[in-house]
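Here is a short set of exercises to work through with the model open beside you. Try each task before reading its solution.

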Amino acid sequence: MRDVMNNQPSAPPPYQPVPHKSKWGKFIAGFGFAFSGIRHTITTQRNMRVHILIGLCAVLMGLILRISALEFAVLFVTMICVFTAEMFNTVFEICVDLVSPQYHPLAKIAKDVAAGAVLVSAILAVMVGLCLFGPPLWHLIFHS
Ligand SMILES: Nc1ncnc2c1ncn2[C@@H]1O[C@H](COP(=O)(O)OP(=O)(O)OP(=O)(O)O)[C@@H](O)[C@H]1O
């Protein structure tokens, strides 16, 4: 959008919340926005697709190795931790790009810390995976 008189980029119009007829309409629209955020992360972030693929493989492995319901619960919590970290990382990337499109040392720190949070959660996932699948895999390989 450009300022016609000066041929300069003009400020975008202020955000106007979409009016909803009822409370329920607003409630249901909230789900739509949330799913749209999830879809955006999956379609734009390759790392998110990798996390989902690894998570699905882990669930499949859990089924094959017949881990307990409690172990599945631990697996799901861990997977959601990683997904959530990746989604917040995406939020930070977008916010930083919005506020500081040019290079800025604070922008670098913000993005690096957000990426670090994803790495920490991925390390947690590897450790949980080792604890859950290590013993049954060991038993399967060396005692069958
Ligand atoms: N505005 C900026 N100012 C300073 N450093 C930046 C800036 N934008 C990015 N960086 C540096 O570049 C790194 C990569 O940033 P980028 O936005 O490309 O993230 P990414 O992890 O590659 O994102 P994606 O997940 O989309 O591939 C950041 O971790 C940060 O160190």
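**Exercise 1.** Which element gives the largest share of the shell around the ligand?

Solution. Two notes on the model come before the steps. This is a predicted model, in which local features need pLDDT of at least 70 and side-chain atom pairs count only at pLDDT 80 or more, while totals for chains, interfaces and linings use all residues. Residues are numbered from 1 along each chain as its sequence is written.

Step 1: list the residues around the ligand, where a residue is near a molecule or strand if its C-beta atom, placed from the backbone, lies within 6 Å of it. They are Gln-45, Asn-47, Glu-93, Val-96, Ser-100, Tyr-103, His-104, Ala-107, Lys-108, Lys-111, Asp-112 and Ala-115.

Step 2: assign them to elements, with helices (H or I, at least four residues) and strands (E, at least two) taken as DSSP runs numbered from the N terminus. Two or more residues of the shell come from each of helix H3 (69-99) and helix H4 (105-142). The largest share, five residues, belongs to H4.

**Exercise 2.** Sort the shell around the ligand by residue class.

Solution. Ala, Val, Leu, Ile, Met, Phe, Trp, Tyr, Cys and Pro count as nonpolar, Asp, Glu, Lys and Arg as charged, and the others, Gly among them, as polar. With these classes, the shell divides into four nonpolar, four polar and four charged residues.

**Exercise 3.** Compare the burial of Glu-93, Asp-112 and Glu-86.

Solution. Step 1: start from the record. The unreviewed UniProt entry lists Glu-93, Lys-111 and Asp-112 under "binding site". These residues are spread over 20 residues of sequence but cluster in space, with a largest C-alpha distance of 9.6 Å. The unreviewed entry also places a "binding site" feature at Glu-86. UniProt positions are given in the numbering used here, feature names are shortened, and annotations may be inferred rather than shown by experiment.

Step 2: apply the cut-offs. A residue is buried if 20 or more other C-beta atoms lie within 10 Å of its own, exposed if 12 or fewer, and partly exposed in between, with C-beta atoms placed from the backbone.

- Glu-93, in helix H3, is partly exposed because 17 other C-beta atoms lie within 10 Å.
- Asp-112, in helix H4, is exposed because it has 11 other C-beta atoms within 10 Å.
- Glu-86, in helix H3, counts as buried because it has 25 C-beta neighbours inside 10 Å.

Step 3: look up contacts (C-beta atoms, placed from the backbone, within 7 Å). Not counting residues up to four places away in sequence, Glu-93 touches Lys-111 and Ala-114. With neighbours within four places left aside, the contacts of Glu-86 include His-51 and Val-118.

**Exercise 4.** How are H3 and H4 oriented relative to each other, roughly parallel or roughly antiparallel?

Solution. Step 1: take the axes, which are lines fitted to C-alpha atoms, for helices over the stretch in contact, with angles running from 0 to 180 degrees between N-to-C directions. H3 and H4 pack at about 170°, and their axes are 9 Å apart.

Step 2: classify the angle; under 35 degrees counts as roughly parallel, over 145 as roughly antiparallel, 65 to 115 as roughly perpendicular and the rest as oblique. H3 and H4 are therefore roughly antiparallel. Their contact has 19 nonpolar, three polar and four charged residues.

Technical notes: A residue is near a molecule or strand if its C-beta atom, placed from the backbone, lies within 6 Å of it. Two residues are in contact if their C-beta atoms, placed from the backbone, lie within 7 Å.
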